[in-house]
Amino acid sequence: MRRASRTGPRGRSFVNLTPMIDVVFQLIIFFMLVAQFSSQQAIDLVLPSLTESGADLLDSEGRAVINVVPAPSTALEGGSYRLGTLAFDGSPDGVRRLSSTLGDLLRRDPQVRVLVRADRTEAYERVHPALQAATLAGAQDVDLVVSSLSVGEATR
Amino acid sequence: MSERQAPPIEHDDSRRRRVHEPASASMSLNMTPMIDVVFLLLVYFVLGSNFGQQERGLRADVPEIRSSQQAIDPFELPDRPLVLQVGSRSDRELDFTLGADDPLVGSLAPGPGLSAALSQALESLYQPDHEVVISPVSGTRWEHTLEVYNAALGAGFVRIRFGAPGAAR
């Protein structure tokens, strides 16, 4: 009787694959999600929304994004401007370094679109150096990033 | 069929209970696969939907570097650009002042009519390739600057550039 009761559990002791496969799938999806988020390299900004905006959709590839870091988080981000993961301070020297980095990028691939992302509350004099850096880098034009929501929708 | 089932019930009472217990337990709804499937569906829709704020781009010419030093000659009429001076009045959307340096352009008010007013000025006074300089005073919000830029684009101007931040008047 005791032996029989032992064979009972032993008969069931195969590894149940179903939960393992479930967990593995969840992990795969989790890492896929994380990988996608990290490639965006975008800092959290509230983008300007416009009335009757004629803005175009942006390509997700071949773009260099200059982020204008909001003033309260410049210490956190390590500078006033960010190009990808690189941070540049707001001094003329920092802007020069930003434009030379951007220039290298544009020389390697002239098809790269330069995007300028700034918060809607940002003062113009903090955005202008980023535009100038794009000029110095030799960009023909830039894309100013705006929200696809029109005025009033974003703050509601 | 009843003949087959009868002997175990008669002979071994404990065994019968062991056989029946799992059967009665499986009568309750097994939640695990359902939760698995629900999670997978959830993750599918999370992936499928775009949580990122929908971003769009306004194409703009880059500002000329010399524009910060070069003063605009007021007597050079043919090439003189239309300067739109922008200044934020408060933190609210569309609450800004806007002035054109050309007195022939009527008063410009922020809002949905701004593009139409600029379009009217374009029709009566300028060629579409007339240069427009957006000149925000120091401290103007980016949102307000872009609003003017967008209005000028909507009006049909093709040469619009951003000037250096000017002193507040």
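User: Which residue in E1(B) does Asp143(A) stand opposite?
Analyst: This is a predicted model, in which local features need pLDDT of at least 70, side-chain atom pairs count only at pLDDT 80 or more, and totals for chains, interfaces and linings use all residues. Residues are numbered from 1 along each chain as its sequence is written, while chains are lettered from A and ligands numbered from 1 in the order in which they are written. Strands (E, at least two residues) and helices (H or I, at least four) are DSSP runs numbered from the N terminus. Opposite Asp143(A), in E1(B), stands Arg59(B).

User: How many bridges join strand E6 of chain A to E1(B)?
Analyst: Two strands pair if DSSP finds at least two bridges between them. E6 covers residues 141-147 of chain A and runs antiparallel to E1(B). The number of bridges joining them is seven.

User: Which element gives the most to the side of chain B that touches chain A?
Analyst: The contact (C-beta atoms, placed from the backbone, within 7 Å) takes 45 residues from chain A and 39 residues from chain B. On chain B, helix H3 (31-48), strand E1 (55-61) and helix H5 (142-155) each supply at least two residues. With eight residues, the element giving the most is H5(B).

User: What is the bridge partner of Val68(A) in E3(A)?
Analyst: Strand E2 of chain A spans residues 63-68. E2(A) pairs with strand E3 (residues 81-83) of chain A in the antiparallel sense, over three bridges. In E3(A), the partner of Val68(A) is Tyr81(A).

Definitions and conventions:
Contact = placed C-beta atoms within 7 Å. Buried ≥ 20, exposed ≤ 12 C-beta atoms within 10 Å, placed from the backbone.
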